[in-house]
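Me: I'm new to this one. Can you walk me through it?
Reply: Sure. Here it is.

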Amino acid sequence: MMASILSRVLRSHSILSSSSSSSSLSFNPTLLARAFFSSAANTPIKATLFPGDGIGPEIAESVKQVFREADVSIDWEEHYVGKEIDPRTQSFLTWESLESVRRNRVGLKGPMATPIGKGHRSLNLTLRKELNLYANVRPCYSLPGYKTRYDDVDLITIRENTEGEYSGLEHQVVRGVVESLKIITRQASLRVAEYAFHHAKAQGRQRVSAIHKANIMQKTDGLFLKCCREVAEKYPEIQYEEVVIDNCCMMLVKNPSLFDVLVMPNLYGDIISDLCAGLIGGLGLTPSCNIGEGGIALAEAVHGSAPDIAGKNMANPTALLLSSVMMLRHLELYDKADKIQNAIITTIAEGKFRTVDLGGTASTSDFTKAVCDHL
């Protein structure tokens, strides 16, 4: 049973492999040529690393340790969150760090904390806007040997990443009344829908579900659905359906196997992707990767920075490790990606070195060492 599930995971979640090599939305000949050349010549591939805040540096160190043990030839360009706002980005992210991602076209990001209600531009929003990371791809699948309420979760959420309620357009109308604008454009909706259908086809998926609230927001979500329908006509081999978001939440909790690939606007994607993470054990087990035009890919751990356990050697590095696997597949380093993912899944399945959030007592370093031992 475990072997069959593991085989399914490895087959179904080569998230950026075939889609990165055949889609005009994410295909970058220079990037792929560099990946092949660097692998052959053993020349390190440059990638940007944002260790992040809180537990970020600890779990980023786990990734670097596993990569060294697996002989992955990556030359990390590390960038940390600044202590003062950079006027060029209007956030604590420096312009130089953004230029690093643009130059390398691939990166890995740990958790970043933005002070709530302090008037600072969100660090994650800055990255998405400045780098035009239009799609967040988050595979969600049951891990062999780790028991949750569901044993058969195997779906992918694809979230439009640049607009919607997260456009950052808010103002006070009069005292005591504020307004937040939801922006939906044809260009962004077509772009994420095209990626979702192409990705579904590349991964051998059968169905794409567009999640919406067009019964209430008829103009905005109506435009999003119109774009999804337009793209769906080009993929007759893939089933297409539309599901209202509140009904989608209920269906996911009752029977997650009803869904395959879900595509949705920004806010809905934020909610649904976290709900799906809860089905398999939490954000600490969930990988994620942001896709941008021109072949940029920024993989990330989507959990919080957990400042309460920072520096205590208690953090679970699984999410960032699995996200780094997605990054390796984007670089077409499939053997390395499979090797590391196998080691992570085996470590969790054995149950000897689980961190506190997974019901164990292992430290971050214990878990990392166990993964390295399984390589």
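Reply: One term to begin with: partly exposed means a relative accessible area between the buried limit, under 20%, and the exposed limit, over 50%. Also, this is a predicted model.

Me: Okay. So is valine 177 buried, exposed or partly exposed, and why?
Reply: Valine 177 counts as partly exposed, because its relative accessibility is 39%.

Me: Where is valine 177 found?
Reply: In strand E7, which covers residues 177-180.

Me: Which residues form a nonpolar patch on the surface?
Reply: Val173, Val174 and Val177. Together they have about 230 Å² of accessible area.

Me: Let's zoom out. How many helices and strands are in the protein chain?
Reply: The protein chain has 13 helices and 12 strands.

Me: And what percentage of the residues is buried?
Reply: Buried residues are 56% of the 375 in the protein chain.

Me: What about the area the protein chain exposes?
Reply: About 15,600 Å². Carbon and sulfur atoms supply 53% of that area.

Me: How much of the contacts comes from residues far along the chain?
Reply: Take the contacts with a separation of 6 or more. Residues 24 or more positions apart account for 75% of them.

Me: New topic. How many disulfides does the count come to?
Reply: Zero.

Me: Why is there no bond for cysteine 228?
Reply: The closest cysteine sulfur is in cysteine 227, and it is 7.1 Å from the sulfur of cysteine 228. That is too far for a bond, because a disulfide needs the two sulfur atoms within 2.5 Å.

Me: And cysteine 248?
Reply: Cysteine 248 is in no disulfide either. Its nearest cysteine sulfur belongs to cysteine 249, 5.7 Å away.

Me: Are cysteine 228 and cysteine 248 buried or exposed?
Reply: Cysteine 228 is buried, with a relative accessible area of 0%. Cysteine 248 is buried too, also at 0%.

Me: On to the rings. How many aromatic pairs does a search of the whole structure find?
Reply: Four. One of them joins tyrosine 134 and tyrosine 195. That pair is edge-to-face, with 6.3 Å centre to centre and 80° between the planes.

Me: Which parts does that pair tie together?
Reply: Tyrosine 134 lies in strand E4, residues 133-141. Tyrosine 195 lies in helix H7, residues 186-202. So the pair ties together parts that are 61 residues apart in sequence. Both tyrosine 134 and tyrosine 195 are buried.

Me: What about phenylalanine 197 and tyrosine 240?
Reply: They form an aromatic pair that is tilted. The rings are 5.9 Å centre to centre, with 45° between the planes. This pair links distant parts of the chain. Phenylalanine 197 is in helix H7, and tyrosine 240 is in strand E9, residues 239-244. They are 43 residues apart.

Me: Buried or exposed, those two?
Reply: Phenylalanine 197 counts as buried, at 0% relative accessibility. Tyrosine 240 is partly exposed, with a relative accessible area of 24%.

Me: Which residues do ring pairs link into a cluster?
Reply: Phe197, Tyr235 and Tyr240.

Me: Now the backbone. What is the phi of asparagine 313?
Reply: Positive, about 60°, although asparagine 313 is not a glycine. Most residues other than glycine have a negative phi.

Me: Where is asparagine 313 found?
Reply: In the loop between strand E12 (297-300) and helix H11 (318-330). Asparagine 313 is partly exposed, with a relative accessible area of 30%.

Me: And glutamate 332?
Reply: Glutamate 332 has a positive phi of about 65°, and it is not a glycine. Its place is in the loop between H11 and helix H12 (334-350). Glutamate 332 is buried, with a relative accessible area of 12%.

Me: What about threonine 368?
Reply: Threonine 368 lies in helix H13, residues 364-373. Threonine 368 is buried, at 1% relative accessible area.

Me: What is threonine 368 in contact with, leaving aside its neighbours within four places in sequence?
Reply: Ser62, Gln65, Val66 and Pro317.

Me: Last one. Where does lysine 147 lie?
Reply: In the loop between E4 and strand E5 (154-160). Lysine 147 counts as exposed, at 61% relative accessibility. Its C-alpha atom is separated by 8.3 Å from that of glycine 281, which is 134 residues apart along the chain.

How values were computed. Residues numbered from 1 in each chain as written. Predicted model: local features only at pLDDT ≥ 70, side-chain atom pairs only at ≥ 80, totals over all residues. Heavy atoms only, no water. Helix = DSSP H or I, 4+ residues; strand = E, 2+ residues; numbered from the N terminus. Buried < 20%, exposed > 50% of the residue type's maximum accessible area, 1.4 Å probe, protein only. Contact = heavy atoms within 4.5 Å. Areas by Shrake-Rupley, 256 points an atom, 1.4 Å probe, with all protein chains shown as cover. Patch = residues over 30% accessible without salt bridge, like charges linked within 9 Å, V, L, I, M, F, W, Y side chains within 5 Å. Salt bridge = Lys/Arg side-chain N within 4 Å of Asp/Glu carboxyl O. Phe/Tyr/Trp six-rings, centres within 6.5 Å; stacked < 30°, edge-to-face > 60°.
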